[in-house]
Amino acid sequence: MRMTRPTTDPGNGSVVVVGGGVIGRTTAWRAAQRGFDVTLVEPSDVHSATRVAAGMLTPATEAVFGEETLVELCVRSARMYPDFVTEVEAASGMEVGHRTTGTLLVAFDRDDMALLAELHEFQQRLGITTERLTGRRCRGLEPMLAPSVRGGVLAPDDHSVDPRRLLLALAEAGSRSGVTEIADRVVEVTEELEVVLAGGRTLSADRVVLAAGCWGNDITTPTGVLPTLRPVKGQLLRTRLPAGQEPLVHRTVRGLVRGNPIYFVPRDDGEIVVGATQEEHGHDTALTVGGLWHILRDARELVPGATELEVTEPCVGLRPGPPDNMPLLGPTRVPGLHLAVGHFRHGVLLAPVTGESVAEALVTGDLPEYAHRFSADREE
């Protein structure tokens, strides 16, 4: 059965957004605010990376050498987050668990400290506000850290949000703005902007935004539009302290333990997310003893009290890794077909800037100047 849009739609026309993670929902909401008639398509059983994500908004402590342009985009999006959160919460009537207590990145041994010293110099060159701390000062901020911690870097502007609460709020904000949602799986998007669903329907639109993460690999699309996104597996644990115990950490704590990254992300309700692995094994979503053992081993080394945490949920997610680790945004070679994919480790962080830039491209046909480096039709 074919579903066609009404010819009397007001505003800028119709948009179908494929994907209901934080990127898809932010884009759909922003498009509706711009006057589009928006339909979002998301299967009810989707393995959303957003639902698994820890929710770190950490451009400083996740800065990577050689990705300076991406770091700049991450910093821009992080600076947008306070206003973004205020607007989402007002539009939805729901809180999203935004914590602004900063992030402490610590080193377990001498070699880890050497890596942190290089990162701190890199952050300073990029103009990112961070402060180098001794081990004693780190333990003054976080008393549960192991005595062996050598030192660290405090990033006061690296915050966090609860991705699951953010997803619910974005869904509600979108609904109140007129976004229609269809629970189905997209199997094909054609040159004519027809969106074919597994259930047998076909949606027609003036514009289509592909925002399905690495699951977009399973959608048939016009040749040359969507590069293969590699699924990067992450295993993590959702935990909480037994009732009555003192907080394990007071802010997001990230650490290097003999070169291995580990993090603790606390929530206001007492939950602590501990993770995460980074594995490239295709669309493998199996929890493994080895993956969880690495997390638990390094968590205990950095914060010995982690052994008292109650495990409430083990999680596995697949991060969408593009060929150059840079997101692909905006118009493609097919008129009206846009991308909002490839955010890899930064999907939650980059939601505000992606929603703004892709919505701008839907209206004008071009990305804002600051986002041109991430154009979907760029030369790799």
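Let's start with a pair of charged residues: the side chains of Glu-172 and Arg-176 meet in a salt bridge, with N and O 2.8 Å apart. Keep in mind as we go that this is a predicted model. Why can these two get together? Side chains of opposite charge can pair when their charged atoms come close. Both residues sit in helix H6 (residues 163-176), and because they are 4 residues apart there, about one helical turn separates them. What about their surroundings? Glu-172 is partly exposed, at 29% relative accessibility, while Arg-176 comes out at 54% and counts as exposed.

That was a pair within one helix. Now let's look at a pair that reaches across the sequence. Arg-333 and Glu-191 form a salt bridge too, and their closest N and O atoms are 3.0 Å apart. Arg-333 lies in the loop between strand S19 (328-331) and strand S20 (337-341), and Glu-191 in the loop between strand S10 (186-189) and strand S11 (194-197), so this pair ties together parts that are 142 residues apart in sequence. Arg-333 has a relative accessible area of 46%, which makes it partly exposed, and Glu-191 is partly exposed as well, at 40%. Salt bridges can also share partners: that is how Asp-162, Arg-238, Arg-267 and Glu-271 are joined into one network.

How many salt bridges does the structure hold? The count is 20. Another one pairs Glu-62 with Arg-254, where the closest N and O atoms are 3.8 Å apart. Here again distant parts of the chain are linked: Glu-62 is in the loop between strand S4 (56-57) and helix H3 (68-92), Arg-254 is in strand S15 (residues 252-257), and their positions lie 192 residues apart in the count along the chain. Are these two buried or exposed? Glu-62 is buried, with a relative accessible area of 13%, and Arg-254 is buried too, at 11%. Both values count as buried because the cut-off is under 20%.

Let's finish with a residue outside the salt-bridge story. Thr-26 has its place in helix H1 (residues 22-33). Its relative accessibility is 0%, so Thr-26 counts as buried. What does the side chain of Thr-26 reach? It comes to 2.7 Å from the backbone oxygen of Val-22. And if you leave aside the neighbours within four places in sequence, Thr-26 is in contact with Phe-84, Leu-170, Ala-351 and Gly-355.

Note on methods:
Residues numbered from 1 in each chain as written. Predicted model: local features only at pLDDT ≥ 70, side-chain atom pairs only at ≥ 80, totals over all residues. Heavy atoms only, no water. Salt bridge = Lys/Arg side-chain N within 4 Å of Asp/Glu carboxyl O. Helix = DSSP H or I, 4+ residues; strand = E, 2+ residues; numbered from the N terminus. Buried < 20%, exposed > 50% of the residue type's maximum accessible area, 1.4 Å probe, protein only. Polar contact = N/O pair within 3.5 Å; in protein donor to acceptor, adjacent residues only side chain to side chain. Contact = heavy atoms within 4.5 Å.
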